[in-house]
Amino acid sequence: MRQLSVWMTGVCVGSVIASVQASEPAIIPATNPDEVAPSSVQISATRDPELKSYRQLLKGLNAYESHLSKAPGSVFRFLLIPQKPDASLHDVGLRIVSDDSSIPIPVANDGGFTLPRDKKAEADNADLLTNQKKGSFRWRPEVRSAGLTANTRRLGDLRLECEIRWAVEYDELPFLRRNMFRAAGGPCHSSMITVIYSSPFKSGAATLVSGERRMALTLTADGQRYSVPLHEQSWSDDAVIMFEPVKQ
């Protein structure tokens, strides 16, 4: 079986966990992640809005809780990532919508949002809708442990993000691709599948560090993405990836 490249920076609606050799746009940096943008625009006013099954996203919450030992004490959010030049996080609105209910979801300035558990919305098979046209945004999970600097990521956080993504997108994968990934051991556990993440900034180098042990990671040519050995258990969850900016 040939090695697969899996781009894990997040896809909003109707996408899959693995797009072999697919291109991923850069993440729009946050201005102030703690501030929450208003969600006053009516979802129904937008033609052909984005949607995602609420039940599918709940599988991401379940996966986070099931694999929390990889990142105990971490914070988990979903992120909306603009995919078009005219897509603005300032104007985005989110709601959980069913036939007889609509629950607004606050969105932070960086596109982050926390999905609440709602038994009625789950029973009603509700959808998560944006007020933007289809294709305007992608989504991805974000897991962050406390105490990390802006130029580091924790390996356990990335492993947990992978588990969340796999849980949400599994049922939507084409049958053959889903079985192919399962046969390889799954995206989060196989040496045959390369998972690609977005770096926090354009980087000249990325290094996996655990005590005195170090390993240079592979960066894409633009310095915006990198791969990491999620499957390699000799690297503990507490190992960190250190990024160095491109030298001027």
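This report covers helix α3, the disulfide and a cavity in a predicted model.

## Helix α3

Helix α3 runs over residues 155-169. At 1.5 Å a residue, its 15 residues should span 21 Å. The end C-alpha atoms are 21 Å apart, which agrees.

The helix is largely enclosed by the rest of the structure, because 14 of its 15 residues are buried. Cys162 lies in this helix. Its relative accessible area is 0%, so Cys162 is buried, the cut-off being under 20%.

## The disulfide

The structure holds one disulfide. Cys162 is joined to Cys188, with an S to S distance of 2.2 Å. The angle about the S-S bond is -95°, and the link is left-handed.

Where does Cys188 lie? Cys188 sits in the loop between α4 (175-184) and β12 (193-198). The bond therefore ties helix α3 to that loop, joining parts that are 26 residues apart in sequence. Cys188 is buried too, with a relative accessible area of 5%.

## The second largest cavity

A search of the whole structure finds three cavities of 30 Å³ or more. The second largest has a volume of about 50 Å³.

Which residues line this cavity? They are Lys70, Arg159, Glu163, Cys188, His189, Leu230 and Gln233. Cys188 thus has two roles here: disulfide partner of Cys162 and lining residue of the cavity.

By class, the lining has three charged, two polar and two nonpolar residues. The charged ones are Lys70, Arg159 and Glu163. His189 and Gln233 count as polar. Cys188 and Leu230 count as nonpolar.

Technical notes
Residues are numbered from 1 along each chain as its sequence is written. This is a predicted model: local features need pLDDT of at least 70, side-chain atom pairs count only at pLDDT 80 or more; totals for chains, interfaces and linings use all residues. Side-chain values use heavy atoms; hydrogens and water are left out. Helices (H or I, at least four residues) and strands (E, at least two) are DSSP runs, numbered from the N terminus. The expected span of a helix is 1.5 Å times one less than its number of residues. Buried means under 20% relative accessible area, exposed over 50%, partly exposed in between (1.4 Å probe, protein chains only). A disulfide is a pair of cysteine sulfur atoms within 2.5 Å. On a 1 Å grid over the protein atoms alone, a cavity is a set of points where a 1.4 Å probe fits but cannot get out, and a pocket is an open set with protein on both sides within 12 Å along at least five of seven lines; lining residues have an atom within 4 Å of a point. Grid points are joined across faces, edges and corners, and a volume is the space filled by probe spheres set on the points.
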